[in-house]
Amino acid sequence: LRVANEFPQLNFDCCGLVSGNPTSNDPSDSDLVRLFRSIGTERIMFGTDWPFRDPIPDVHRVLKLALSDDEKEKILSQNAMRIMNLD
């Protein structure tokens with residue numbers, strides 16, 4: 001959050017965060033919602049940096065978070081499309 005607040009031009013991906021293990025210290029669903037909204041859902045993109053792991057469970061986790069449909073759409077597609085000028 002400190003980096004996000006200090007550098008408002010930065011965008012972030014959520015790889016690694018959403019594929020957490022509920023038995024570890026990984027963020028809970030409510031922690032993720034709070035973090036994403038604190039940074040701004042318009043600055044968060046879904047992504048993966050591990051080609052050997054199926055990203056579909058992570059997509060499902062984002063979809064079940066207590067975010068609005070608009071926030072989920074931003075994270076899962078719109079932000080990346082906007083940032084990469086694909087729209």
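Is Arg61 buried or exposed at 12% relative accessibility? Arg61 counts as buried, because its relative accessibility of 12% falls under the 20% cut-off. Keep in mind as you look at these close-ups that the model is predicted.

**View 1. Arg61 and its partners.** This view is centred on Arg61, a residue of helix H3, which covers residues 56–64. Take a look at its side chain: one of its polar atoms lies 2.8 Å from the backbone oxygen of Pro27. Arg61 also makes a salt bridge with Asp29, and the closest N and O atoms of that pair are 2.8 Å apart. Arg61 sits in helix H3 and Asp29 in helix H2, so this pair ties together parts that are 32 residues apart in sequence. Asp29 counts as partly exposed, because its relative accessibility is 26%.

**View 2. A second bridge to Asp29.** Here we stay with Asp29 and bring in Lys64. These two form a salt bridge as well, with their closest N and O atoms 3.4 Å apart. Lys64 belongs to helix H3 and Asp29 to helix H2, so the pair ties together parts that are 35 residues apart in sequence. Lys64 is exposed, with a relative accessible area of 58%. Put the pieces together and you get a network of salt bridges linking Asp29, Arg61 and Lys64. In general, side chains of opposite charge can pair when their charged atoms come close.

**View 3. Arg37 meets Glu71.** Now for another salt bridge: Arg37 pairs with Glu71, and their closest N and O atoms are 2.8 Å apart. Arg37 is in helix H2 and Glu71 is in helix H4, so to speak two distant parts of the chain, 34 residues apart, linked by this pair. How exposed is each partner? Arg37 counts as partly exposed at 45% relative accessibility, while Glu71 is buried, with a relative accessible area of 13%. The count for the model comes to 7 salt bridges.

**View 4. Inside the nonpolar core.** This close-up shows the largest nonpolar core, which has 12 residues in all. Among them are Ala4, Cys14, Val18, Leu32, Phe36, Ile44, Val62 and Ile75. Which helix gives the most to this core? That would be H2, with 4 residues. Cys14 is a handy one to zoom in on: leaving aside residues up to four places away in sequence, Cys14 touches Phe36, Ile44, Met45, Phe46 and Ile75.

**View 5. A nonpolar patch on the surface.** Nonpolar residues turn up on the outside too: Met81, Ile83, Met84 and Leu86 make a surface patch of about 370 Å². One of these, Leu86, lies in the segment after helix H4, which spans 69–83. Leu86 is exposed, because its relative accessible area of 55% is over the 50% cut-off.

**View 6. Gly16 in its loop.** Our last stop is Gly16, found in the loop between strand E1 (12–13) and helix H2 (29–39). Gly16 counts as exposed, with a relative accessibility of 51%. For a sense of where that is, compare its position with Ile83, one of the patch residues. Gly16 and Ile83 are 67 residues apart in sequence, and their C-alpha atoms are 21 Å apart in space.

Definitions and conventions: Residues are numbered from 1 along each chain as its sequence is written. This is a predicted model: local features need pLDDT of at least 70, side-chain atom pairs count only at pLDDT 80 or more; totals for chains, interfaces and linings use all residues. Side-chain values use heavy atoms; hydrogens and water are left out. Patches are made of residues with over 30% relative accessible area and no salt bridge: like charges are joined within 9 Å, nonpolar side chains (Val, Leu, Ile, Met, Phe, Trp, Tyr) within 5 Å. Accessible areas come from the Shrake-Rupley method with a 1.4 Å probe; for residues, only the protein chains shown count as cover. A salt bridge is a side-chain nitrogen of Lys or Arg within 4 Å of a carboxyl oxygen of Asp or Glu. Buried means under 20% relative accessible area, exposed over 50%, partly exposed in between (1.4 Å probe, protein chains only). A polar contact is a pair of N or O atoms within 3.5 Å; within protein, one must be able to donate a hydrogen and the other to accept it, and residues adjacent in sequence count only if both atoms are side-chain atoms. A nonpolar core is a set of buried Ala, Val, Leu, Ile, Met, Phe, Trp, Tyr and Cys residues joined through side-chain atoms within 4.5 Å. Contact means heavy atoms within 4.5 Å.
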